[in-house]
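Subject: Structure for your review

Dear colleague,

Please find below the structure that I am handing over to you. My notes on what was found in it follow directly after.

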Amino acid sequence: MLRAEFIILMRRLQSGDIGALAPLYEEYFQKMYSTVLVMLHSAEDAYDVATAAILKLADYRGDPAKIKNPVGYLIAMSANEAKNFLRRRKREVFSDISELPAGYGMEMPSEMLWLDDLMRLFTQEETDVFLLHVVWGIELKKAAIRLGISYSTAKMRKRAIRQKILTYELSDYKNE
């Protein structure tokens with residue numbers, strides 16, 4: 001989605017046109033969810049946090065034209081919501097097992113297990129490249145600039161990611 005489209009949709013949303021949220025959701029929610037999932041390692045929590053982030057976007061009252069980079073803004077918004085979630089969770093103290101929230105400690109759905117397992121293979125530096133380049137679709141050169149690394153370093157990390165994915169997939173076939 002182009003920045004101009006983003007601004008138009010945000011202005012429509014601010015004027016009360018709730019229908020403008022649908023294209024924003026379709027374009028960005030899955031990417032926001034993937035970003036948060038990497039941080040939280042829980043499909044259920046990641047869904048809740050990504051939903052909170054998209055709703056926070058819907059409540060944005062500033063001038064959307066001041067958002068120079070919508071993708072960067074949404075990455076930061078998603079990551080901040082995940083950090084806030086983790087801070088709140090740290091403060092929760094359960095004195096009795098019966099006080100645990102429903103679903104606490106449940107296994108993730110099998111369709112999400114692959115992404116979670118895969119992300120555990122990456123170093124933090126590789127995860128950063130993966131999120132920016134693969135999930136958010138940012139050109140590798142721009143991702144390198146954003147991460148403060150050289151383009152050749154970003155290419156090496158991308159190659160390492162690819163190799164780890166191939167190795168992971170091959171080991172998965174060997175186990176069948």
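**Overall picture**

Of the 176 residues of the protein, 36% count as buried. Please bear in mind that this is a predicted model. The secondary structure amounts to eight helices and zero strands, and along the sequence the pattern reads α-α-α-α-α-α-α-α. The accessible surface comes to about 10900 Å², and 56% of that area belongs to carbon and sulfur atoms. Among contacts between residues at least 6 apart in sequence, 62% join residues at least 24 apart.

**Helix packing**

Two packed helices are described by the angle between their axes and the distance between the axes. Three pairs are described here in those terms.

The pair of helix 1 (residues 3-14) and helix 2 packs at an angle of about 135°, and the axes are 9 Å apart. Because angles from 115 to 145 degrees fall in the oblique class, helix 1 is oblique to helix 2. Helix 1 contributes F6, L9, M10 and L13 to the contact, while helix 2 contributes L21, P23, L24 and Y28. By class, this contact of helix 1 with helix 2 holds eight nonpolar residues, with no polar and no charged ones.

Helix 2 (residues 21-40) also packs on helix 3 (residues 43-58), at an angle of about 140° and with the axes 8 Å apart. That angle makes helix 2 oblique to helix 3. Helix 2 passes helix 3 in a right-handed crossing. On the side of helix 2, the contact is made by L21, L24, Y25, F29, M32, Y33, V36, L37 and L40. On the side of helix 3, it is made by A43, D45, A46, Y47, V49, A50, T51, A53, I54, L57 and A58. The residues of this contact between helix 2 and helix 3 divide into 18 nonpolar, one polar and one charged. L21 and L24 of helix 2 take part in the contact with helix 1 and in the contact with helix 3.

The third pair is helix 6 and helix 7 (residues 140-147), which pack at an angle of about 135° with their axes 9 Å apart. Helix 6 and helix 7 are therefore oblique to each other, and helix 6 passes helix 7 in a right-handed crossing. The residues that form the contact are D128, V129, L132 and H133 of helix 6, together with L140, A143, R146 and L147 of helix 7. By class, the contact of helix 6 with helix 7 has five nonpolar, one polar and two charged residues.

**The loop between helix 2 and helix 3**

H41 lies in the loop that joins helix 2 to helix 3. Its phi is near 55°, a positive value in a residue other than glycine. H41 counts as partly exposed because its relative accessibility is 37%, which falls between the limits of 20% and 50%.

**Individual buried residues**

Three residues within the helices may merit inspection as you go through the model.

V49 is found in helix 3 and is one of the residues in the contact with helix 2. At 5% relative accessibility, V49 counts as buried, because the cut-off for that class is under 20%. Beyond residues up to four places away in sequence, V49 touches V36, L40, S78, E81, A82 and F85. Of these, V36 and L40 belong to the helix 2 side of the contact with helix 3. V49 and E81 are 32 residues apart in sequence, and their C-alpha atoms are 6.3 Å apart in space.

E126 is found in helix 6 (residues 124-135). This residue is buried, with a relative accessible area of 8%. Not counting residues up to four places away in sequence, E126 touches L121, R157, A160, I161 and K164.

L140 has its place in helix 7 and takes part in the contact with helix 6. L140 is buried, with a relative accessible area of 9%. Leaving aside neighbours within four places in sequence, L140 is in contact with V129, H133, Y151, A154, K155 and K158. V129 and H133 are among the helix 6 residues in the contact with helix 7. L140 and K155 lie 15 residues apart in sequence and 7.5 Å apart in space, C-alpha to C-alpha.

Yours sincerely

Conventions. Residues numbered from 1 in each chain as written. Predicted model: local features only at pLDDT ≥ 70, side-chain atom pairs only at ≥ 80, totals over all residues. Heavy atoms only, no water. Helix = DSSP H or I, 4+ residues; strand = E, 2+ residues; numbered from the N terminus. Buried < 20%, exposed > 50% of the residue type's maximum accessible area, 1.4 Å probe, protein only. Contact = heavy atoms within 4.5 Å. Axes fitted to C-alpha atoms, helices over the stretch in contact; angles between N-to-C directions. Parallel < 35°, antiparallel > 145°, perpendicular 65-115°, else oblique. Left-handed = near helix turned anticlockwise from the far one by under 90°. Nonpolar A, V, L, I, M, F, W, Y, C, P; charged D, E, K, R; others polar. Areas by Shrake-Rupley, 256 points an atom, 1.4 Å probe, with all protein chains shown as cover.
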